[in-house]
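Let's take a relaxed walk through a protein model. We'll start with its rings, then look at a helix, and finish with the whole thing.

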Amino acid sequence: MRRAAARIDAATPADRDRAVDALRAFAILGVVLGHWLVTALVADGGSLRAASPLRDMPWLSPISWVFQTLAVFFLVGGHVATRGYASARARGTSYGGWLSARMSRLFRPVAAVLGLWTVTAALLLLTGAEFVTVHTLVKLALSPLWFLLVFAALTAATPLVTRLHPLWPLVVVLHVDLLRFGFGAPSWLGWVNLAAGWLVPYTLGAAWARGDLDHRRAGWVLCTGGAVATAALVSWAGYPASMVGVPGAGISNLNPPTLAAVTFGLAQCGLALLLRERLRRAMRRPVAWAAVALVNLSAMTIFLWHQTALMATTATALLVGPLPGLHTLPDGLGWVAARLVWLPAFTLVLAGCWAAFRSCERGGGRRRSRVVRRHRPPGRTRATGARRV
């Protein structure tokens with residue numbers, strides 16, 4: 001393992017900012033663990049229905065503060081897209097060519113997920129499964145796709161938002177929430193925040209790429225200002241403490257994003273910026289960097305299939321009978337302890353999905369990644385250069 005890690009470390013371009021990859025990996029794994037911890041499927045007769053431990057145990061809301069890491073992912077996305085587009089322009093690549101390459105990386109793995117769940121849903125219905133159960137499984141398994149659509153839209157708009165100040169989308173979110181919660185505007189107006197809310201960390205990522213956030217003072221301002229604003233909104237403005245959706249709750253901070261979710265994201269982005277140097281030092285260790293590099297190479301596969309791993313484990317285990325932590329009501333610490341025991345099983349199933357479908361993300365092994373480079377064996381001509389994997 002150490003030899004393999006050393007080879008990955010040696011094959012990494014010297015000018016690569018490993019902290020960016022570390023932040024992306026932590027954001028992806030945070031979302032995965034968050035879903036696995038707060039998504040419950042309760043066996044109700046012959047059907048399964050969605051539930052959440054945060055509904056019956058609201059004091060567990062701080063879990064969502066740790067694992068709701070989408071703002072960090074959008075921060076990194078804005079940073080990478082801004083730098084990538086500038087690099088493409090410098091090489092003479094057109095906007096269309098750059099965007100096509102980016103969209104291909106995002107959506108190539110989606111076809112496999114959609115295909116599998118189309119077949120699975122049809123088979124379940126034909127074999128007599130209740131529609132409620134099938135709807136619940138498909139909805140949860142495909143829920144990561146909403147994120148992908150928003151991320152793709154912001155990526156496409158990168159040339160327009162590159163120099164947009166993060167304050168402008170933040171002001172939009174503020175006014176939308178003011179109209180919704182203060183003046184009784186229609187609830188559908190909140191979906192404006194689906195773009196505006198995630199545009200805030202995305203534009204912060206663009207500002208980071210421009211060098212506007214290089215000073216640690218920027219990180220401290222974002223972290224402390226966002227934390228104080230979030231605490232005030234939760235304590236005195238009636239926003240939920242949970243930063244993820246809770247079934248049956250009157251207000252969700254995530255669907256669509258609220259002002260509290262955005263200010264919480266600002267605090268996360270500030271913390272991420274403050275941790276950059278420590279992450280760079282940590283990523284000098286070959287084993288740590290190898291783990292981060294491997295997560296980045298399969299980021300979309302992990303993200304798209306983690307809910308399928310949860311659904312597959314839950315549905316298959318139901319053949320044995322209702323099991324604690326999988327099919328029981330998440331209303332006590334016993335459920336939490338049982339769910340923690342199931343996490344290794346989810347991980348193993350996800351590993352199986354990764355082994356089966358990682359080629360979809362890599363384009364059948366032909367994808368060129370800039371995380372690490374695989375050098376050709378000695379004896380090849382120098383003109384062949386290094387092949388990126």
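## Rings that pair up

This is a predicted model, and a search through the whole of it turns up 16 aromatic pairs. Take Trp146 and Trp198: their ring centres are 6.5 Å apart, with 35 degrees between the planes, and the pair is tilted. These two come from distant parts of the chain, 52 residues apart, with Trp146 in helix 9 (residues 144–156) and Trp198 in helix 12 (residues 192–210). Are the two buried or exposed? Trp146 has a relative accessibility of 27%, so it counts as partly exposed. Trp198, at 4%, is buried.

Right next in sequence to Trp146 comes Phe147, and Phe147 has a ring partner too: Phe303. Their centres lie 4.7 Å apart and their planes make an angle of 55 degrees, so this pair is tilted. Phe147 sits in helix 9 and Phe303 in helix 17 (residues 299–317), so the pair ties together parts of the chain 156 residues apart. Phe147 counts as buried at 2% relative accessibility, and Phe303 does so at 3%.

## A cluster, and a charge over a ring

Now zoom out a little. Trp146, Trp198, Phe147 and Phe303 belong to one aromatic cluster, which also takes in Phe73, Phe74, Phe151 and Tyr202.

Rings can have other kinds of company as well. Which residue has its charged end over the ring of Trp354? That's Arg358, and its charged end is 4.5 Å from the ring centre.

## A look along helix 9

Helix 9 has 13 residues, and at 1.5 Å a residue they should span 18 Å. The C-alpha atoms at its ends are 19 Å apart, so the model agrees with that expectation.

Plenty of helix 9 is tucked away: Pro144, Leu145, Phe147, Leu148, Val150, Phe151, Ala152, Leu154 and Thr155 are buried. A handy thing to keep in mind while you rotate the model is that an α-helix has 3.6 residues a turn, so residues three or four places apart point the same way.

## Two fully covered residues

Helix 17 is also home to His306. This histidine has 0% relative accessibility, so it counts as buried. What does His306 touch, apart from neighbours within four places in sequence? Its contacts are Val31, Val32, His35, Trp36, Pro144 and Leu350. Pro144 is one of the buried residues of helix 9.

Ala19 lies in helix 2 (residues 18–38). It has 0% relative accessibility too, so Ala19 is buried. Not counting residues up to four places away in sequence, Ala19 touches Arg276, Leu279 and Arg280. The chain also brings Ala19 and Ala282 together in space: they are 263 residues apart along the chain, yet their C-alpha atoms are separated by 8.7 Å.

## The whole protein

Stepping back, the protein has 18 helices and four strands. Its C-alpha trace spans about 65 × 50 × 35 Å along the principal axes. For 389 residues, a compact globule would have a radius of gyration near 21 Å, and the protein's 22 Å agrees with that.

Of the 389 residues, 47% count as buried. If you take the contacts with a separation of 6 or more, 76% are between residues 24 or more positions apart. As for the outside, the accessible surface comes to about 19,000 Å², and 65% of it belongs to carbon and sulfur atoms.

Key: Residues are numbered from 1 along each chain as its sequence is written. This is a predicted model: local features need pLDDT of at least 70, side-chain atom pairs count only at pLDDT 80 or more; totals for chains, interfaces and linings use all residues. Side-chain values use heavy atoms; hydrogens and water are left out. Rings of Phe, Tyr and Trp (its six-membered ring) pair if their centres lie within 6.5 Å; planes under 30 degrees apart count as stacked, over 60 as edge-to-face and the rest as tilted. Buried means under 20% relative accessible area, exposed over 50%, partly exposed in between (1.4 Å probe, protein chains only). A charge sits over a ring if NZ of Lys or CZ of Arg is within 6 Å of the ring centre and within 35 degrees of the ring normal. The expected span of a helix is 1.5 Å times one less than its number of residues. Contact means heavy atoms within 4.5 Å. The radius of gyration is taken over C-alpha atoms; the globule rule is 2.2 Å times the number of residues to the power 0.38. Accessible areas come from the Shrake-Rupley method with a 1.4 Å probe; for residues, only the protein chains shown count as cover.
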